[in-house]
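Hi there,

Here is the structure I promised to pass on. Have a look at it first, and then read on for what turned up around the ligand and inside the protein.

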Amino acid sequence: MKSLLLSFTLLGLVAVLKAQEVPSDDQKDYSGIWYPKAMIHNGSLSSHNIPSKVFPVKVTALEGGDMESDVIFWKNGQCHEVKILMKKTDEPGKFISFDDKRFIYITALPVKDHYVIYCEGRFPGELLGMGKLIGRNPEENPEAMEEFKKFVLRKGLKEENIIVRELNEHCVPESD
Ligand SMILES: *[C@@H]1O[C@H](CO)[C@@H](O)[C@H](O)[C@H]1NC(C)=O
């Protein structure tokens, strides 16, 4: 009886401790509009696949820690929007695309409201690694750009593969 009581007490304690845990990285809310400021690829991206225009990206948090992002790309003189579903994994900041073909990593930079989102996997026709520096506002931020370069070098990627395109707000993700 005593040991039973003790286990209950311990259980209660664990529950209290759990409730006090600070929200971890994977509970971070990435929802909202993000502005891409630079791109990087690992050398596998052929030049005809390098986007000529970049647009804001909309992220929506789904139930259970998954996310959806609405990405706009420019093709044949028009904006096209694709929805990308990202399932969370046990690793904070690591997601997997719903078709299990791509891993997506989100890394916070030491500059407020700036992140790197890096994808690895199969893009139509090719295996590649590709990343974006994104920020909560569209303004240029030289400090964030410096941190992005450091990220690129830490990852063993080449600085010359950094691509900067003027942000285009002609098309914005539809809010639904
Ligand atoms: C780029 O990354 C992809 C996915 O990780 C890999 O399969 C490919 O070999 C890499 N390409 C180069 C040139 O490193």
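A polar contact here is a pair of N or O atoms within 3.5 Å. Please keep in mind that this is a predicted model.

With that cut-off in hand, start at Ser44: one of its polar side-chain atoms sits 2.7 Å from a nitrogen atom of the ligand, so the pair counts as a polar contact. Gly129 makes its approach through the backbone, with an N or O atom 3.4 Å from an oxygen atom of the ligand. On its own the ligand has 370 Å² of accessible area, and the protein covers 52% of that.

Who else is around the ligand? Besides Ser44 and Gly129, the surrounding residues are Asn42, Glu120, Leu127 and Leu128. Sorted by class, this shell holds 2 nonpolar, 3 polar and 1 charged residues. Strand β8, which spans residues 126–135, contributes the most to the shell, with 3 residues.

Now for the empty space. The search gave 1 cavity of 30 Å³ or more, and the volume of the largest cavity is about 30 Å³. Its lining is made up of Pro36, Lys37, Ala38, Met39, Val54, Ile163, Val164 and Arg165. Of these lining residues, 6 are nonpolar and 2 are charged, with no polar ones. Strand β1 (residues 32–41) supplies the largest share of this lining, 4 residues.

Happy to talk it through whenever suits you.

Best wishes

Note on methods:
Residues are numbered from 1 along each chain as its sequence is written. This is a predicted model: local features need pLDDT of at least 70, side-chain atom pairs count only at pLDDT 80 or more; totals for chains, interfaces and linings use all residues. Side-chain values use heavy atoms; hydrogens and water are left out. A residue is near a molecule or strand if one of its heavy atoms lies within 4 Å of it. A polar contact is a pair of N or O atoms within 3.5 Å; within protein, one must be able to donate a hydrogen and the other to accept it, and residues adjacent in sequence count only if both atoms are side-chain atoms. Accessible areas come from the Shrake-Rupley method with a 1.4 Å probe; for residues, only the protein chains shown count as cover. Helices (H or I, at least four residues) and strands (E, at least two) are DSSP runs, numbered from the N terminus. Ala, Val, Leu, Ile, Met, Phe, Trp, Tyr, Cys and Pro count as nonpolar, Asp, Glu, Lys and Arg as charged, and the others, Gly among them, as polar. On a 1 Å grid over the protein atoms alone, a cavity is a set of points where a 1.4 Å probe fits but cannot get out, and a pocket is an open set with protein on both sides within 12 Å along at least five of seven lines; lining residues have an atom within 4 Å of a point. Grid points are joined across faces, edges and corners, and a volume is the space filled by probe spheres set on the points.
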